[in-house]
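This report examines charged pairs, nonpolar cores, strand pairing and selected residues in a single protein chain. The sequence and structure are shown below for reference.

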Amino acid sequence: MKKIIAIFLLIVCGVGLLSACGGRDAYVPSGFQRVSHDNADYYFYVPNGWIPDLATGVTAAYVSAKDRSSVSFMAFEVDDTLIQATVGSSQNGESAPDSQSAPDSEALTSDTDEPMTDEPATDGTTAADTLPEGLPEITTVEEYWAYYEGQFKATFSDLAYSVNGENMMLAGMKAKKYVYTATVTGQTYEFMQVVALKAGTVYIFTYTSTEDVFDSHLEEVNAIIGYISLK
């Protein structure tokens, strides 16, 4: 089974950093900058003051050098690929196990600024070892989340939801929102992931921040979500 490692993460890119005609790229929203690659099949904008971070291959950005609250966006096909979730970056530059990611939907990140690979876990197993064999047919967001939720909980033993599957829209698609907290390297982080699935492609937005400043960026984060569009 192939593996795609990217940074929610997203989530689980994180904490690595914590339409054709008529698309929103016809203009850049006032006060925002486009950070998605030209060859991406979506447009992703963040406020002008935020710092883009595309080093890991995931479209991502964070608030500042002092505030590593981050956002990321990923799109990938649901097939027999082993998918890992990116959840963004931490306040101090450390990474948590998205995106995303986040579900193994964006690439899990480690306690460095690099995406998590198959480094041994504390019990001697690797990330690949802990993932289930075979990917069931996934046709809904609920099926996707249910399949990968076990991996989140295996990574984040104290994972606690404040929002679990709330209906919302993402780039004109019906989506589900998940908000939860988890402790990473002794620090409590809060994650927001918005997941949509269309024609076999999963789209995942991930916002990651320390719990104490999570709410302070929600207005900007909601604006970021609102400006995401597909080509």
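## Basis of the report

The structure is a predicted model. Residues are numbered from 1 along the chain as its sequence is written.

## Salt bridges

Side chains of opposite charge can pair when their charged atoms come close. A search of the whole structure finds 4 salt bridges, and three of them are described here, beginning with arginine 34 and aspartate 38. The closest N and O atoms of arginine 34 and aspartate 38 are 2.9 Å apart. Arginine 34 is partly exposed, at 29% relative accessible area, whereas aspartate 38 is exposed, at 63%.

Glutamate 142 and lysine 176 form a salt bridge in which the closest N and O atoms lie 3.4 Å apart. This pair connects distant parts of the chain: glutamate 142 belongs to helix H2 (residues 141-155) and lysine 176 to strand E10 (residues 173-184), with their positions 34 residues apart in the numbering. Glutamate 142 has a relative accessible area of 43% and is partly exposed; lysine 176, at 14%, is buried.

A further salt bridge joins lysine 153 to glutamate 149, with a closest N to O distance of 3.8 Å. Because lysine 153 and glutamate 149 are 4 residues apart in helix H2, about one helical turn separates them. Lysine 153 is partly exposed at 44% relative accessibility, while glutamate 149 is buried at 18%.

## Nonpolar cores

The largest nonpolar core contains 30 residues, and those with the most contacts inside it are Phe44, Val71, Leu170, Met192 and Phe205. Among the elements that give two or more residues to this core are strand E7 (70-77), strand E9 (160-170), strand E12 (201-210) and helix H3 (218-227). A second, separate core has 23 residues, including Phe156, Tyr178, Tyr180 and Phe191.

Setting aside residues up to four places away in sequence, valine 71 touches a set of residues that includes Phe44, Val46, Trp50, Phe205, Tyr207, Val221 and Ile224. Polar side chains also appear among the contacts of valine 71, including Thr59 and Thr206.

## A buried aspartate without a salt bridge

Aspartate 67 lies in the loop between strand E6 (59-62) and E7. Which side chain of opposite charge is nearest to aspartate 67, and how far away is it? The nearest is arginine 68, at 8.1 Å, and aspartate 67 is buried yet has no salt bridge. A salt bridge requires the nitrogen and oxygen atoms to be within 4 Å, so arginine 68, at 8.1 Å, does not form one with aspartate 67. The side chain of aspartate 67 does make a polar contact with the side chain of histidine 217, at 2.6 Å.

## Strand pairing and the E9-E10 hairpin

Strands E9 and E10 pair in the antiparallel sense over 9 bridges. Within this pairing, tyrosine 161 has tyrosine 180 in E10 as its bridge partner. Tyr180 is also one of the residues of the second core.

E9 and E10 form a hairpin with 2 residues between them. Alanine 171, in the turn, has a positive phi of about 55°.

## Surroundings of threonine 188

Threonine 188 is located in strand E11 and is partly exposed, with 26% relative accessibility. Outside its neighbours within four places in sequence, threonine 188 is in contact with Thr181, Ala182, Thr183, Thr210 and Glu211. Glutamate 211 is 23 residues from threonine 188 in sequence, and their C-alpha atoms are 6.0 Å apart in space.

Conventions. This is a predicted model: local features need pLDDT of at least 70, side-chain atom pairs count only at pLDDT 80 or more; totals for chains, interfaces and linings use all residues. Side-chain values use heavy atoms; hydrogens and water are left out. Buried means under 20% relative accessible area, exposed over 50%, partly exposed in between (1.4 Å probe, protein chains only). A nonpolar core is a set of buried Ala, Val, Leu, Ile, Met, Phe, Trp, Tyr and Cys residues joined through side-chain atoms within 4.5 Å. Contact means heavy atoms within 4.5 Å. Lys and Arg count as positive and Asp and Glu as negative; His and the chain ends are not counted. A polar contact is a pair of N or O atoms within 3.5 Å; within protein, one must be able to donate a hydrogen and the other to accept it, and residues adjacent in sequence count only if both atoms are side-chain atoms. Two strands pair if DSSP finds at least two bridges between them.
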